[in-house]
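Dear colleague,

Please find the sequence and the structure below. My notes on what was found follow after them.

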Amino acid sequence: MNAADERSLDSIHQPVLLEDCVRLVTSGFGPGARPVIVDCTLGLAGHATAFLKAAPHARLVGIDRDAEALSLATERMEREGLADRFTPVHAAFDEFTEALDDHGIGRVDAVFMDLGLSSLQIDETERGFSYSHDAPLDMRMDVSQPLTAAAVLADYDERSLTDIFRTYGEERFARQIAREIVARRAQGEELTTSAQLGALVDEVVPKAHRPAGNPAKRVFQALRIEVNGELDKLARTLPQIALRLAPHGRIVVESYHSLEDKTVKTFMASGLTADVPPNMPVVPPEARPFFRELTRGALKADEAEIAANPRSASVRLRAVELVRPIPRRHIERFEQDVNASGAAGRRRRGGRN
């Protein structure tokens, strides 16, 4: 039994904006309905158990690429007496369509995503997600995949590393950090632990130009996103979800990173605006929005929640409801987006030298 098993799940995982998420996911179900909810980022089932308790006739499909989290969540469902309405699926969330097909599910009524790193992964020290503990630079959410953070640092060239740190970490000193990594690599110095990487960043980033917190935070975030292909998977998953929504189905997403939130916001906006030229006096029915916004922008954690759960400080919660069938033109575009983002991710993680 490891450290995660010895602690209670409640002490490990504090669901962010739980009441808002439950309201947005479950309030649209009519009397007598037997809705299907999909939690694409099951984690330790903090949100999922709350959804099933709030919707006693609902069935929930829980998807997670982390086998340990999936096992712990399944045990929790059994203890809570919810196992008969719960289906665990070991998969990445961009395998959404396949997961539903494999379980004979057509349309779904609500889909929830809590993006970023789970509390279990943050609190575990063995995979090197955190700069707060020295551990091998792994960072894989699914330990069966081959690419690790150490492999990225060992194999990617300076330009690729710079691009990753700048794009995914919004790191001001991306080029200098990448140059130093490559220089040390040329001298036979491998970066294999979180302490080694943290020390390198600490040496490179000038103290006078550091943001608040640990200077390595942005680099670790960028590596995690690259290793797990998080933005590619998100861009590939959102259109899959929309294509499987039942009438008045909902998409509810919590983001913790500006690029994640931008991806979600852009996707939702595609269905929130009329598909007509500007200033057109009459909007034909087929061009009217097919999503209805449920959050009026993004909901954020208040001061009380941030004080109780510091990980909620950066959260942005957005939700939309499908109010009419998706037009054929958008269906075709969504299908193209699924294929294009999947191919891009596969090419990029094929290795850059």
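Which helices do the buried residues of H11 pack against? Please bear in mind that this is a predicted model. The buried residues of H11 pack against helix H8 (149-155), H10 and helix H12 (217-228).

Helix H11 spans residues 194-204, and its buried residues are Ser-194, Leu-197, Gly-198, Leu-200 and Val-201. Viewed down the axis of H11, these buried residues fall within an arc of 160 degrees, so they line one face of the helix.

Ser-194 also leads to another part of the chain. Its C-alpha atom is separated by 7.1 Å from that of His-133, although the two residues are 61 residues apart along the chain. His-133 is placed in the loop between helix H7 (119-123) and H8. With a relative accessible area of 38%, His-133 is partly exposed, because that value lies between the cut-offs of 20% for buried and 50% for exposed.

H10, one of the partners of H11, also packs with H9. Helix H9 (residues 158-169) and helix H10 (residues 174-186) meet at an angle of about 140 degrees, and their axes are 8 Å apart. That angle makes H9 oblique to H10. The crossing of the two helices is right-handed.

On the H9 side, the residues in contact are Glu-158, Leu-161, Thr-162, Phe-165 and Arg-166; on the H10 side they are Ala-174, Arg-175, Ile-177, Ala-178, Arg-179, Ile-181, Val-182 and Arg-185. By class, this contact holds seven nonpolar, one polar and five charged residues.

Yours sincerely,
A colleague

Definitions and conventions. Residues are numbered from 1 along each chain as its sequence is written. This is a predicted model: local features need pLDDT of at least 70, side-chain atom pairs count only at pLDDT 80 or more; totals for chains, interfaces and linings use all residues. Side-chain values use heavy atoms; hydrogens and water are left out. Axes are lines fitted to C-alpha atoms, for helices over the stretch in contact, and angles run from 0 to 180 degrees between N-to-C directions. Helices (H or I, at least four residues) and strands (E, at least two) are DSSP runs, numbered from the N terminus. Angles under 35 degrees count as roughly parallel, over 145 as roughly antiparallel, 65 to 115 as roughly perpendicular and the rest as oblique. A crossing is left-handed if the near helix is turned anticlockwise from the far one by less than a right angle, and right-handed if clockwise. Contact means heavy atoms within 4.5 Å. Ala, Val, Leu, Ile, Met, Phe, Trp, Tyr, Cys and Pro count as nonpolar, Asp, Glu, Lys and Arg as charged, and the others, Gly among them, as polar. Buried means under 20% relative accessible area, exposed over 50%, partly exposed in between (1.4 Å probe, protein chains only). The arc is that of the directions from the helix axis to the C-beta atoms.
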